[in-house]
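Please open the structure in your viewer and keep the selection tool at hand, since this tour moves from one place to the next and says at each stop what to select and what can be found there.

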Amino acid sequence: MAHRKLTLIGWVALVVLGYGASLLTGVQSQEDADGLTGQSAVAERLLDNADFADEGVENVLIQARKGDLADAQADVVVGALRDRYAQVDTVRSVGEPVPAEDGRSVLLPVRMDLEKKGSEEDLSPKVAVEPMLKATEAVAEDHPALRVEQLGKGSLTRELSTHLQADFQRAEYISVPLTLLILLVAFGALLAAGIPVLLGVTAVVFALGLSGVTSLLLPVDENQASLILLMGLAVGVDYSLFYLRRQREERAAGREPEVALSVAAATSGRAVLVSGVTVMVAMAGMFLSGSMLFSSLALGTILVVAVAVLGSLTALPATLAALGDRIDRPRIPLLWRRTKVNRESRFWSAVLRPVLKVPAAALLAGVLAMLALAYPALEMKLKMPGDEDLPRSYAIMQTYDRVVEAFPSEGTAHAVVVEAAESRAPEVERLLAGLHQDAVDTGRFVGGGAPDLALSEDGTVTRLELHVEGEAGGTEARETLDLLRDDLAPSALQGQDLGKWAVGGATAFTVDFSATLEDRLPLVIGFVMLLCLAIMLLAFRSPILALVTGVLNVLSVVSAYGVLVLVFQHEWAEGLLGFESNGAVVSWLPLILFVVLFGLSMDYHVFVLSRVREGVRREGSPREAIRHGILTSAGVVTTAAVIMVAVFAVFATLSTLEMKQLGVGLAVAILLDATLIRGVLLPATLALLGDWAWHEPRWLAKAPSVAHD
């Protein structure tokens, strides 16, 4: 550790340079079509590449709070809005007010000017809408008896971004102090508690910077930053715990500081490397999903885990070498006495006693309990969250509900998009008008007016919106999408020698994404399991042990699936977690949970099995080795699990449905993995297998090993 100062300076420099680079390059976000698959992706890209006259439209709702809205009142407000918008540079034109059938609502369409002065790039709707929102709010203040509210892509994106940023900050402000508090209880010393948190935070900052740079090649999904924070704190703290606990044990055994650190590096250091590589391999499986959404989340997670491993193998040992025994200063009164490393956990000792005495019964009881939790997963329904699934605590979602109620045509719609030569635009419009009439005649689509047609400014892309009642993820929306794709649209458009056509929209997004996921999920699962098991095989040189690890990890994942269904597909937990159930699990969550949990579970298994193997080589007796491995790893594994569960549970308190489901799923799975799996199923299985668990076949004798004690 002669170069520890240089190592620490180099680490800090890398973190600063990494984050600074992202400030220079900026962060490239994914476009709407990037997260889509199938026909919905084709439709969205056709729309993105076209320029429609109604692009960038914001709708202003004028509604009486009580009773009907008088024409004179509406005219006054519309006039005031026109005057205000005339002074807003980003407003191109104000349309004519559209009255609702309820007699109390009027909708005023306003087209935004997205052209950026002096630049070839357009303004984003989120930026262009800012001055218009201020003008709308000013008119609303002048007419308190009425609701004057704005709704559109720009205003919705702006408010959603504001809440997501607030959620991210909230998660950061809660999870970091909470982690520090748990570590203070675990270590009883401020420096020992602070170093894991510092490693986790710097890993997150470094990875966020790298993700900004890599976004030039692979644009980031809006959930990537949250996943980086969540995983960075989890693995960064975990890896530090492995080192610190082992170093403490070696010092308590009488070894000199340098020797203790070397032993920690040779044991826990290699466990960190194996765990980190396994997590990254698991994350890499998402690249096979066929979705840029998963690719973005995979890259972000791989970056933060790689950074955490790098910090654990360089900056952490350098810090421990520099501090020596001062790592246990300043000590916290009362807490310090109960953190001595030579104390066995009375709780886990009591749990292990019956498990090792009757392992078959313990294994059967544990498996039945996990299967009971997993059973509800058979009823899992998947749905991509749409605008209608955003929290009703958002002011703009209350406006959304009022607009949809007063103007049903502003709700769910399927979009039929056709690309053809400009000269054929009239023919395409005629065909789509006929399709509209055929759809209305089925009685399944909203009629009562002219077809909702739009033609791009270059005349090459035509869009027809067919509106349906109910939410985008509802049964009616799915059935009408199938009717449109399988019957109505092909009958009207096939054989017409058109360029491209596709049926998209919010419902199509969910249906296509779920179909792609179902097709690719077996490939991803197979890839992750095979490579992770290969790593375990090289680490412990036992096929039986690798297989047991894989089965137990899958068991914890499917149990988490079952809990997700119990909590989020029903309404009993709505008040507890602050959400409104949409009767489904977020479509991308099962795949994310599988790869993340499979990777994180390896942390525990590698660490615990390394300790058990030490006992096998030292004690000889398999059951005594199991007891040694479980109890000597109990402190670090329990602390790591408590931290992970606490951090993940923080995400369950955030506002969006996908973050709540992600937090609950991860927290439940880690809790099960650190208790039932590690305390009951793993030791019971090892006890039943005996020496066979560590049997090394001849064909593995010459294979390279990735972990030694």
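Begin by selecting Tyr-239, Ser-240, Tyr-243, Leu-244 and Gln-247 in helix 8, which meet Leu-316, Pro-317 and Leu-320 in helix 11. Sorted by class, this contact of helix 8 with helix 11 holds six nonpolar and two polar residues, and no charged ones. If you show both helices in full, taking residues 224–252 for helix 8 and residues 315–323 for helix 11, you will find that their axes come within 11 Å and cross at roughly 35°. The crossing in which helix 8 passes helix 11 is right-handed. Please keep in mind throughout that this is a predicted model.

**A second partner for helix 8**

Keep helix 8 selected and add helix 10, which covers residues 292–313. The axes of helix 8 and helix 10 come within 9 Å of each other and cross at roughly 25°. Because angles under 35 degrees count as roughly parallel, helix 8 is roughly parallel to helix 10. Here, too, the crossing is right-handed. On the side of helix 8 the contact is made by residues including Gln-224, Leu-227, Ile-228, Met-231, Tyr-239 and Tyr-243, while helix 10 contributes, among others, Ser-296, Leu-297, Gly-300, Val-304, Val-305 and Leu-313. By class, the contact of helix 8 with helix 10 has twelve nonpolar and seven polar residues, with no charged residue among them.

**Aromatic rings**

Stay with helix 10 and select Phe-294, which lies in that helix, together with Phe-513 in helix 17 (residues 506–540). How far apart are the centres of the rings of Phe-294 and Phe-513, and at what angle are their planes? The centres are 5.6 Å apart and the planes stand at 35°, so the pair is tilted. Since Phe-294 and Phe-513 belong to helix 10 and helix 17, the pair ties together parts that are 219 residues apart in sequence. Both Phe-294 and Phe-513 are buried. Add Phe-509 to the selection, and you have one aromatic cluster formed by Phe-294, Phe-509 and Phe-513.

A search of the whole structure finds six aromatic pairs, and another one to visit is that of Phe-568 and Phe-579, which is tilted, with 4.9 Å from centre to centre and 45° between the planes. Phe-568 is in helix 18 (residues 543–568), whereas Phe-579 sits in the loop between helix 19 (574–577) and strand 11 (585–586), and the two residues are eleven apart. Phe-568 counts as buried at 1% relative accessibility, and Phe-579 counts as buried at 8%.

**Helix 6 against helix 21**

Next, select residues 153–187 for helix 6 and residues 622–651 for helix 21, which pack at an angle of about 160° with their axes 10 Å apart. Because angles over 145 degrees count as roughly antiparallel, helix 6 is roughly antiparallel to helix 21. Helix 6 passes helix 21 in a right-handed crossing. To see where they meet, show residues of helix 6 including Ala-171, Ile-174, Leu-178 and Ile-182, and residues of helix 21 including Thr-639, Val-642, Ile-643 and Phe-651. The contact of helix 6 with helix 21 has, by class, twelve nonpolar residues, three polar ones and no charged ones.

**Three buried residues**

While helix 21 is displayed, select His-628, which has its place there. Is His-628 buried or exposed? With a relative accessible area of 17%, His-628 is buried. Leaving out residues up to four places away in sequence, His-628 touches Arg-611, Glu-614, Gly-615 and Arg-618.

Move on to Leu-609, which is found in helix 20 (residues 589–619) and is buried, with a relative accessible area of 0%. Apart from neighbours within four places in sequence, Leu-609 is in contact with Met-536, Phe-540, Leu-545, Thr-549, Leu-682, Leu-686 and Trp-694. If you draw a distance from Leu-609 to Ser-175, which is 434 residues away along the chain, the C-alpha atoms are separated by 29 Å.

The tour ends at Pro-683 in helix 22 (residues 657–689), which at 0% relative accessibility counts as buried. Which residues is Pro-683 in contact with, leaving aside its neighbours within four places in sequence? They are Leu-352, Val-355, Leu-356, Ile-626, Ile-630, Ile-677 and Arg-678. The C-alpha atoms of Pro-683 and Leu-217, which are 466 residues apart along the chain, are separated by 45 Å.

Conventions
Residues numbered from 1 in each chain as written. Predicted model: local features only at pLDDT ≥ 70, side-chain atom pairs only at ≥ 80, totals over all residues. Heavy atoms only, no water. Axes fitted to C-alpha atoms, helices over the stretch in contact; angles between N-to-C directions. Helix = DSSP H or I, 4+ residues; strand = E, 2+ residues; numbered from the N terminus. Parallel < 35°, antiparallel > 145°, perpendicular 65-115°, else oblique. Left-handed = near helix turned anticlockwise from the far one by under 90°. Contact = heavy atoms within 4.5 Å. Nonpolar A, V, L, I, M, F, W, Y, C, P; charged D, E, K, R; others polar. Phe/Tyr/Trp six-rings, centres within 6.5 Å; stacked < 30°, edge-to-face > 60°. Buried < 20%, exposed > 50% of the residue type's maximum accessible area, 1.4 Å probe, protein only.
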